[in-house]
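Open the model in your viewer and keep the sequence panel beside it. The tour starts with the whole chain and then goes to single residues.

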Amino acid sequence: MALYQAPSFEALERLSRSRDADLARRELVQARGRGAQSNRSGRFEPHQRDSFDDGWGSVEPMPLFETVEHMERAKSIITSNDSPDIGFERSINAYRGCEHGCSYCFARPSHAFLGHSAGIDFERDIYVKTNAVEALKSEFAARNYRPKPIAMGTNTDPYQPAERKHKLTRGILEVMLETRHPVMITTKSALIARDLDILTELAGLGLVKVAMSVTSMDHKLSRKMEPRASSPARRLEAIRLLSEAGIPTAIFASPMIPAINDMELERILDAGKAQGAISAQMILLRLPGEVRDVFREWLLRHFPDRVRHVLSLVRDTRGGKDYDSRWGTRMTGEGPYATLLRQRFEKARDRYGLEAKLAGLRTDLFEAPKLESKQMSLF
């Protein structure tokens with residue numbers, strides 16, 4: 001089996017100036033509306049395929065990458081983790097892959113386990129767990145189940161475009177309300193406002209809190225960073241609606257990317273506070289696995305004059321490497337730049353009266369669901 005070897009930064013730069021530049025431009029048109037710029041084979045695939053110009057040119061226009069939905073039935077829906085630097089032990093992801101298309105998304109490498117690329121495939125091939133609601137009820141009904149807050153939006157966004165049609169997230173929230181189970185939601189989609197009716201009832205019982213991720217106040221920059229996510233204005237409007245409904249809401253300034261959006265940190269927190277957010281968090285850019293190459297290609301397309309500067313600052317926060325996975329530092333980084341960014345965040349958070357974290361959720365109200373017995377009556 002051929003081992004995956006990421007292309008060097010110099011090779012990516014040469015590609016942008018080589019005789020294959022025309023092919024690269026056609027691929028960019030093909031990938032319009034996507035965050036990733038290429039679709040390299042997954043690291044577990046037996047063969048690696050790269051496009052190149054054979055001198056014959058393109059016979060016909062290349063088709064656009066259209067979203068493909070794969071229906072699947074999950075054996076279980078609740079995932080557990082014991083990472084000491086993450087504020088939850090259980091999570092739910094009703095979808096695999098995410099159409100928002102953030103080039104920096106740390107979840108991209110997970111698509112390789114499905115036989116897909118961490119590039120465009122991650123945004124295009126969306127897996128829908130059609131039995132998510134049924135599976136959740138079954139797990140809640142288990143005799144040995146003990147409630148703990150469940151996080152949604154930890155790997156892929158629960159309110160990505162597919163949710164408009166499938167409504168799995170809404171179905172899950174209905175189960176949460178029915179069973180009085182605590183839930184935490186992180187999203188960058190204004191679609192969450194659709195479920196205000198359920199979220200308001202959960203909030204009245206102390207069973208929900210929401211975090212809205214905002215990476216930039218600049219509409220053009222946001223569209224480059226997150227091609228299919230809600231605009232900054234719509235996300236801030238969602239924060240206002242959630243806050244007015246009494247739902248504890250935080251604003252997440254994440255990720256902060258050196259020399260790209262880090263100058264907006266204070267502005268993002270100020271805007272969140274103005275719309276009713278009561279808490280704030282920040283996460284520094286992370287580039288695990290294939291994310292590094294996807295992000296580099298994104299930089300080459302949108303900010304070719306800043307590529308070396310941005311990557312140099314990233315390495316300064318990761319001990320000279322592209323990424324440091326150590327618990328405790330992977331979210332914040334280290335070194336002078338990371339320290340200064342953290343100080344800026346803390347001062348802005350204090351200035352705007354944003355708490356370090358939202359209050360805890362109740363677990364004492366839980367009522368296990370009653371499932372219909374599959375045993376047929378004898379009479």
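What follows is a short list of selections in a predicted model, with what to look for at each.

**Whole protein.** Show everything as a cartoon. The protein contains 13 helices and 10 strands. Its 379 residues include 51% that are buried. Among contacts with a separation of 6 or more, 81% are between residues 24 or more positions apart. Now switch on a surface: the protein exposes about 18,600 Å², and 52% of that area comes from carbon and sulfur atoms.

**Lys167.** Select residues 162–179. Helix α5 covers 162–166 and α6 covers 168–179, with Lys167 in the loop between them. Lys167 is not a glycine, yet its phi is positive, at about 55 degrees. Is Lys167 buried or partly exposed? Its relative accessible area is 46%, so Lys167 counts as partly exposed.

**Ser254 and Pro255.** Move on to strand β9, residues 249–256, where Pro255 is found. Show the backbone atoms of Ser254 and Pro255. The peptide bond joining these two residues is cis, with omega at about -5 degrees.

**Ala259.** Continue along the chain to the loop between β9 and α10, the helix of residues 265–274; Ala259 is in this loop. What is the phi of Ala259? The angle is positive, about 65 degrees, although Ala259 is not a glycine. Now check its surroundings: Ala259 has a relative accessible area of 14%. The cut-off for buried is under 20%, so Ala259 is buried.

Technical notes: Residues are numbered from 1 along each chain as its sequence is written. This is a predicted model: local features need pLDDT of at least 70, side-chain atom pairs count only at pLDDT 80 or more; totals for chains, interfaces and linings use all residues. Side-chain values use heavy atoms; hydrogens and water are left out. Helices (H or I, at least four residues) and strands (E, at least two) are DSSP runs, numbered from the N terminus. Buried means under 20% relative accessible area, exposed over 50%, partly exposed in between (1.4 Å probe, protein chains only). Contact means heavy atoms within 4.5 Å. Accessible areas come from the Shrake-Rupley method with a 1.4 Å probe; for residues, only the protein chains shown count as cover.
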